[in-house]
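Reader: Hey, got a minute to walk me through this one? I'd like to start with the cysteines.

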Amino acid sequence: MYEKEKDLISAFLRGEVDRRGMLKGLGAAGIAAGSAGTLFNMMSTQALAADFDWKAHSGKSLKLLLNKHPYADAMIANLQAFKDLTGIEVTYDVFPEDVYFDKVTAALSSGSSEYDAFMTGAYMTWTYGPAGWIADLNEWIKDPTKTNPNYNWDDFLAGVKNSCAWNGQPGGALGSEDAKQWCIPWAFEQNNITYNREMFDKAGVELPKNLDDMIAVAAKLQKDIGGIYGIGVRGSRSWATIHPGFLSGYANFNQKDLNVSADGKLSAAMNTAESKAYHTKFVQMIQESGPKDWSTYTWYQVGADLGAGASAMIFDADCLGYFMNGGDNKMAGKLGYAAFAANPEATASTPNIWIWSLAMSNFSKDKDATWYFLQWASGPEHALFGATKMDFVDPVRQSIWKDEMFREKLNGKYPGYVEMFDASAAGASIKFTPQPLFFDVTTEWAATLQKMVAKQVPVDEGLDQLVESIDRQLKEAGLG
């Protein structure tokens with residue numbers, strides 16, 4: 001039974017038939033969607049096992065520490081495929097984000113062997129790596145006896161992959177030849193525009209072409225629509241306020257957070273003339289067209305307001321806009337997406353990114369078995385499952401973005417999302433300078449931005465004070 005259908009799936013797995021052709025053929029043969037999925041999963045598992053000894057650690061068990069997130073949901077929904085493939089038992093704990101990173105820090109700093117692998121952001125590894133809490137995954141990636149030959153490390157988007165690698169030297173370039181691969185990118189978030197298409201049409205405005213245009217468009221939307229504010233951006237006293245839209249626009253003007261001298265010394269770089277001009281305009285935009293209680297805004301409030309129709313657009317994570325365009329959100333089906341280059345002289349968008357990644361605890365009792373899980377979870381087969389069957393949006397593999405079914409899924413319900421990715425992906429990377437005071441620097445930066453918006457300090461004076469303070473901290477830490 002199903003021999004012809006198995007041949008069709010095998011042809012797809014060999015790259016001889018595209019995904020559309022395979023699904024069309026299965027449909028013509030009368031295979032229901034559920035049966036086709038079961039058959040495909042079975043044969044994918046067989047194909048994986050044919051080229052690599054996935055059963056090498058059969059009978060072992062692993063435990064994961066996960067953040068409550070749709071990406072974790074996609075992995076959990078497909079976890080049985082890993083268990084069937086490897087014979088490895090996997091359990092996990094899931095915590096909401098407001099306590100998750102504290103759980104990770106507590107487990108790692110205590111040297112606990114309870115968890116073998118965990119979700120993390122690349123920024124966090126700048127602390128975890130030098131502290132000796134996580135493993136350099138190059139040891140496994142570069143070992144052909146431990147890595148599936150079809151893993152295809154080169155398939156990862158270069159800017160994303162390199163942003164997860166650092167040599168541990170403060171100010172060292174991400175992705176350098178001597179960098180350690182502290183984590184594997186899993187899925188990422190570009191910071192661009194999500195906008196309410198109906199509101200834009202009603203106000204008769206076009207998508208903003210640069211920062212000056214964004215200020216004007218946001219103000220007109222707020223004035224003409226009424227009862228809403230023009231643009232949502234984060235504002236809480238946190239590193240998370242700096243890294244999304246704010247830094248994406250800042251980097252597009254070729255501005256930096258820190259300077260790195262020839263001898264490796266660090267110094268703050270936020271008070272250049274160009275930086276002061278950017279801050280002045282960004283502050284103006286928030287004052288004129290941001291939410292009234294902007295200084296309390298996290299990613300949650302930014303997204304919730306967009307989904308509820310309280311704001312006309314956001315300059316934030318694209319996946320945040322993705323999730324607001326579905327479910328029971330009031331504005332579901334009414335949102336659109338666009339790449340954004342703040343600098344009128346820039347040729348393309350250069351978004352700073354957040355990368356949900358997977359890391360291995362240095363205290364894992366079985367690192368080889370843990371690596372089997374990491375390479376499966378970040379492999380092309382699971383990525384395709386998550387992208388096409390679940391909400392694993394913004395995958396980190398080039399091959400998934402080329403998949404016709406995935407692109408059609410996005411084009412059908414998320415207008416402009418694919419074009420936004422195509423326009424931004426080449427310039428997408430982490431724009432911060434890796435160094436151990438990252439969270440201190442960015443939190444103080446956010447606090448200074450709050451003071452500017454509240455008119456407690458002029459932009460020029462505020463940035464001069466910020467630079468003076470950060471330089472002092474860097475010198476006290478032996479970094480400046």
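Author: Sure. The sulfur of Cys-183 has its closest cysteine sulfur in Cys-164, 3.7 Å away, which is too far for a bond. Keep in mind that this is a predicted model.

Reader: What's the closest cysteine sulfur to Cys-164, then?

Author: Cys-183, at 3.7 Å, and again that is too far for a bond. The cut-off for a disulfide is 2.5 Å between the sulfurs.

Reader: Is Cys-183 buried or exposed? And Cys-164, buried or exposed?

Author: Cys-183 is buried, with a relative accessible area of 0%. Cys-164 is buried too, at 2% relative accessibility.

Reader: How many disulfides in the whole structure?

Author: Zero, from a search of the whole structure.

Reader: OK, salt bridges next. How many of those turn up in the whole structure?

Author: The search finds 15 salt bridges. One of them joins the side chains of Lys-63 and Glu-114, at 2.8 Å from N to O. Lys-63 lies in strand β1 (residues 61-67) and Glu-114 in the loop between α6 (97-109) and β3 (117-121), so this pair ties together parts that are 51 residues apart in sequence.

Reader: Which residues are linked with Lys-63 in a network of salt bridges?

Author: Asp-93 and Glu-114 are linked with Lys-63 in that network. As for Glu-114, this residue is partly exposed, with a relative accessible area of 39%.

Reader: Got another one? What does Asp-155 form a salt bridge with?

Author: With Arg-397, where the closest N and O atoms are 3.0 Å apart. That pair links distant parts of the chain, 242 residues apart: Asp-155 sits in the loop between α8 (138-141) and α9 (158-163), and Arg-397 in the loop between α18 (380-389) and α19 (398-401).

Reader: Is Asp-155 buried or exposed? Same question for Arg-397: buried or exposed?

Author: Asp-155 is buried, with a relative accessible area of 8%. Arg-397 counts as buried as well, at 1%.

Reader: And what about Arg-407, which side chain does that one meet in a salt bridge?

Author: The side chain of Asp-422, at 2.7 Å from N to O. Arg-407 is in helix α20 (residues 404-413) and Asp-422 in helix α21 (residues 417-424), with the two positions 15 residues apart in sequence numbering. Arg-407 counts as partly exposed at 23% relative accessibility, and Asp-422 is partly exposed with a relative accessible area of 44%.

Reader: Changing topic. Where is Ile-231?

Author: Ile-231 is in the loop between α11 (211-225) and α12 (239-242). This residue is buried, with a relative accessible area of 1%.

Reader: What is Ile-231 in contact with, leaving aside its sequence neighbours?

Author: Leaving aside neighbours within four places in sequence, the contacts of Ile-231 include Met-214, Ala-218, Met-285, Ser-289, Gly-290 and Phe-315. Ile-231 and Gly-290 are 59 residues apart in sequence, but their C-alpha atoms are 5.4 Å apart in space.

Reader: Which helix is Ser-289 found in?

Author: Helix α14. Ser-289 counts as buried, at 1% relative accessibility. Beyond its neighbours within four places in sequence, Ser-289 is in contact with Ile-231, and also with Ile-215, Ala-218, Ala-219, Gln-222, Tyr-229 and Gly-230.

Reader: How many residues does α14 have? And what do its buried residues pack against?

Author: Helix α14 (residues 273-289) has 17 residues and reaches 24 Å from its first C-alpha to its last, close to the 24 Å expected. Its buried residues include Tyr-278, His-279, Phe-282, Met-285 and Ser-289. The buried residues of α14 pack against α11, α13 (245-252), β9 (313-317), α22 (438-453) and α23 (459-476).

Reader: Pockets now. What's the volume of the second largest pocket?

Author: About 730 Å³. The second largest pocket is lined by 30 residues, and His-69, Glu-97, Arg-234, Trp-299 and Tyr-300 lie nearest its centre. Elements that each supply at least two lining residues include α6, α12, α15 (299-308) and β9.

Reader: Last thing, the big picture. How many helices and strands does the protein chain have?

Author: The protein chain has 23 helices and eleven strands. Of its 480 residues, 55% count as buried. Among contacts between residues at least 6 apart in sequence, 75% join residues at least 24 apart.

Note on methods:
Residues are numbered from 1 along each chain as its sequence is written. This is a predicted model: local features need pLDDT of at least 70, side-chain atom pairs count only at pLDDT 80 or more; totals for chains, interfaces and linings use all residues. Side-chain values use heavy atoms; hydrogens and water are left out. Helices (H or I, at least four residues) and strands (E, at least two) are DSSP runs, numbered from the N terminus. Buried means under 20% relative accessible area, exposed over 50%, partly exposed in between (1.4 Å probe, protein chains only). Contact means heavy atoms within 4.5 Å. A salt bridge is a side-chain nitrogen of Lys or Arg within 4 Å of a carboxyl oxygen of Asp or Glu. The expected span of a helix is 1.5 Å times one less than its number of residues. On a 1 Å grid over the protein atoms alone, a cavity is a set of points where a 1.4 Å probe fits but cannot get out, and a pocket is an open set with protein on both sides within 12 Å along at least five of seven lines; lining residues have an atom within 4 Å of a point. Grid points are joined across faces, edges and corners, and a volume is the space filled by probe spheres set on the points.
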